[in-house]
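Good morning. I will keep this short and stay with charged side chains, then end on one other residue. Please have a look at the model on the screen.

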Amino acid sequence: QLPDKTEVAGLLVDVSQTGLAAGLEFQLFQPEGELSKEFYAELPINVRVTGRYHDFGRFISGLAALPRIVTIHDVKIGNTAGETGAEGAKLSLQAIVKTYRYLDEAAAK
């Protein structure tokens, strides 16, 4: 399930589209540098979104349903500055989303 380098850009689009489809508003979407492991590379993405609690659930569920491996780490949920609506206050979610890609033999060395 690990994409190669050419598929990573599409995967980044999938992650952002999943958040938008869940009704979230992105405040930050910042891919970091790749971290090479034994046979794969890890691409962390810092995200900060605002939305309602159930929107966060739809986002994480949508990430799990993607055809590639995407994990979410260091999740922090908090209040935003006084925004309220019919369903209650908007919340802020800050996390690191990690995607992975396969390193071919030459890249792994």
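Start with Glu34 and Arg101, whose side chains meet in a salt bridge, at 2.6 Å from N to O. Before I go on, note that this is a predicted model. Where do the two partners lie? Glu34 is in the loop between strand 1, residues 25-31, and strand 2, residues 35-36, while Arg101 is in strand 5, residues 88-102, so the salt bridge ties together parts that are 67 residues apart in sequence. As for why such pairs occur at all, side chains of opposite charge can pair when their charged atoms come close.

Are these two residues buried or exposed? Glu34 has a relative accessibility of 36%, so it counts as partly exposed. Arg101 is at 9%, and the cut-off for buried is under 20%, so Arg101 counts as buried.

How many salt bridges does the structure hold? There are three, and I will take the other two in turn.

The next pair is Lys98 with Glu42, again through their side chains, at 3.4 Å from N to O. Lys98 sits in strand 5 and Glu42 in strand 3, residues 40-51, so this pair ties together parts that are 56 residues apart in sequence. Lys98 has a relative accessible area of 19%, which means it is buried. Glu42, at 8% relative accessibility, also counts as buried.

The remaining pair is Asp55 and Arg58, with their closest N and O atoms 2.2 Å apart. Which element holds them? Both lie in helix 2, residues 53-65, and they are three residues apart, about one turn of the helix. Asp55 is buried, with a relative accessible area of 11%. Arg58 is partly exposed, at 47% relative accessibility.

Now the other residue I promised, Thr18. Thr18 belongs to helix 1, which covers residues 5-21. Its relative accessible area is 14%, so Thr18 is buried. What is Thr18 in contact with, if we leave aside its neighbours within four places in sequence? The answer is Phe59, Gly62, Leu63 and Leu66. If you want to find one of these on the screen, residues 53-65 are helix 2.

To recap, the structure holds three salt bridges. Glu34 with Arg101 ties together parts 67 residues apart in sequence, Lys98 with Glu42 ties together parts 56 residues apart, and Asp55 with Arg58 stays within helix 2. That is all from me.

Note on methods: Residues are numbered from 1 along each chain as its sequence is written. This is a predicted model: local features need pLDDT of at least 70, side-chain atom pairs count only at pLDDT 80 or more; totals for chains, interfaces and linings use all residues. Side-chain values use heavy atoms; hydrogens and water are left out. Helices (H or I, at least four residues) and strands (E, at least two) are DSSP runs, numbered from the N terminus. Buried means under 20% relative accessible area, exposed over 50%, partly exposed in between (1.4 Å probe, protein chains only). Contact means heavy atoms within 4.5 Å. A salt bridge is a side-chain nitrogen of Lys or Arg within 4 Å of a carboxyl oxygen of Asp or Glu.
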